[in-house]
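Hi,

I am passing a structure on to you, and I hope you enjoy looking through it. Please open it first, and then read my notes below.

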Amino acid sequence: MRVLGVDPGLTRCGVGVVEGVAGRPLTMRGVGVVRTPADAELGQRLVAIEQGIEQWLDEHRPEFVAVERVFSQHNVRTVMGTAQASAVAMLCAARRGIPVALHTPSEVKAAVTGNGRADKAQVGAMVTRLLRLDAPPKPADAADALALAICHIWRAPAQNRLQQAVAQNRLQQAAAQHASKVAAQQAPNHTPNHTPNRAQNHAPKGRTA
């Protein structure tokens, strides 16, 4: 499985490609950052991010794209920019028919370090160890992108089993509903005819003397 991880951001959009399967050593195929100038017009920055991600997709041909799920309760302006970069990454993948998975920061941290509240230094150190690198990738956005890819490779088998189980359950429910509907349509009508007989002959009562 080859996964492109994307840590979205307008100024620095981290990208990293990891290949492997759960339970076996993983291999880094590439890591970097797509940068845009902070003083550029927003539309041009998004175009630059799109072009950068397209280049990574062309070069590495990933089977999946893992993007950080955007969530924040505080700095709305920063979140808006991150969400816009995230949408560009998802668009690039969807246009090529590549499945996209979203993972929250806590999910990624828990998968890579075992601690959903780990800091960036801890994430970088574990990424370095898991991919057998000489040093942590710089900047931190690049390390986060690799962590996203690792997280998806490790979580994908469980997610696939869950999705298959849900799909199978839906099929069984649909089959049961269809069978019940067919049985109801084919059932004979046993409703008895209770139409009263109005032609009953009642003999008149005789008079008593």
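**What I found**

Let me begin with one pair of residues: Val6 has Val67 of strand E4 as its bridge partner. Before we go further, please keep in mind that this is a predicted model.

**The overall layout**

The protein has 209 residues, of which 32% are buried. Its secondary structure consists of 5 helices and 5 strands, and along the sequence these follow the pattern β-β-β-α-β-α-β-α-α-α. If you count contacts between residues at least 6 apart in sequence, 63% of them link residues at least 24 apart.

**The sheet**

The 5 strands form an open sheet with mixed pairing, in the order E3-E2-E1-E4-E5. E3 (27-35) and E5 are the edge strands; each has a single partner strand, so one side of each has no neighbour in the sheet. On average, neighbouring strands here are turned by 20° against each other, with direction ignored.

A good place to start looking is E1, residues 2-7. How many of its 6 residues are buried? The count is 5, so E1 is largely enclosed by the rest of the structure. E1 pairs with E2 (residues 12-19) in the antiparallel sense, over 6 bridges, and a hairpin of 4 residues joins these two strands. Within this pairing, Arg2 sits opposite Glu19 of E2. With E4 (residues 64-68), E1 pairs in the parallel sense, over 4 bridges; the Val6 and Val67 pair I opened with belongs to E1 and E4.

Val67 also stands opposite Leu102 in E5. E4 and E5 run parallel and are joined by 4 bridges. As a general point, side chains in a regular strand alternate between the two faces of the sheet. In E5, Ala101 and His103 make up the covered face, whereas Val100 and Leu102 make up the uncovered one.

Helix H1 lies across E1, E2, E3 and E4, and it runs at about 165° to E3.

**The nonpolar cores**

Nonpolar side chains tend to be buried together in soluble globular proteins. In this model the largest nonpolar core has 19 residues, and the ones with the most contacts inside it are Leu4, Val6, Ile49, Ile53, Leu57 and Val65. At least two residues of this core come from each of E1, E2, H1 (42-60), E4 and H2 (76-95). Which element gives the largest share of this core? It is H2, with 5 residues.

Ile49 is worth clicking on. Leaving aside residues up to four places away in sequence, Ile49 touches Gly9, Leu10, Cys13, Val34, Thr36, Ala85 and Val88. Apart from the largest core there is another, of 17 residues, and Val18, Leu131, Leu146 and Cys151 are among them.

**A pair of helices**

Two packed helices are described by the angle and the distance between their axes. Take H3 (residues 105-113) and H4 (residues 120-130): their axes come within 9 Å and cross at roughly 50°. H3 and H4 are therefore oblique to each other, and their crossing is left-handed. On the H3 side the contact is made by Lys109, Val112 and Thr113; on the H4 side by Gln122, Val123, Met126, Val127 and Leu130.

**A loop residue to look at**

Finally, have a look at Arg96, in the loop between H2 and E5 (100-103). Is Arg96 buried, exposed or partly exposed? Its relative accessibility is 31%, so it counts as partly exposed. Not counting residues up to four places away in sequence, Arg96 touches Glu54, Leu57, Asp58 and Arg61. Arg96 and Leu57 are 39 residues apart in sequence, and their C-alpha atoms are 9.2 Å apart in space. Leu57 has already come up above, as one of the residues with the most contacts inside the largest nonpolar core.

Happy exploring, and best wishes!

Methods:
Residues are numbered from 1 along each chain as its sequence is written. This is a predicted model: local features need pLDDT of at least 70, side-chain atom pairs count only at pLDDT 80 or more; totals for chains, interfaces and linings use all residues. Side-chain values use heavy atoms; hydrogens and water are left out. Buried means under 20% relative accessible area, exposed over 50%, partly exposed in between (1.4 Å probe, protein chains only). Two strands pair if DSSP finds at least two bridges between them. A nonpolar core is a set of buried Ala, Val, Leu, Ile, Met, Phe, Trp, Tyr and Cys residues joined through side-chain atoms within 4.5 Å. Contact means heavy atoms within 4.5 Å. Axes are lines fitted to C-alpha atoms, for helices over the stretch in contact, and angles run from 0 to 180 degrees between N-to-C directions. Angles under 35 degrees count as roughly parallel, over 145 as roughly antiparallel, 65 to 115 as roughly perpendicular and the rest as oblique. A crossing is left-handed if the near helix is turned anticlockwise from the far one by less than a right angle, and right-handed if clockwise.
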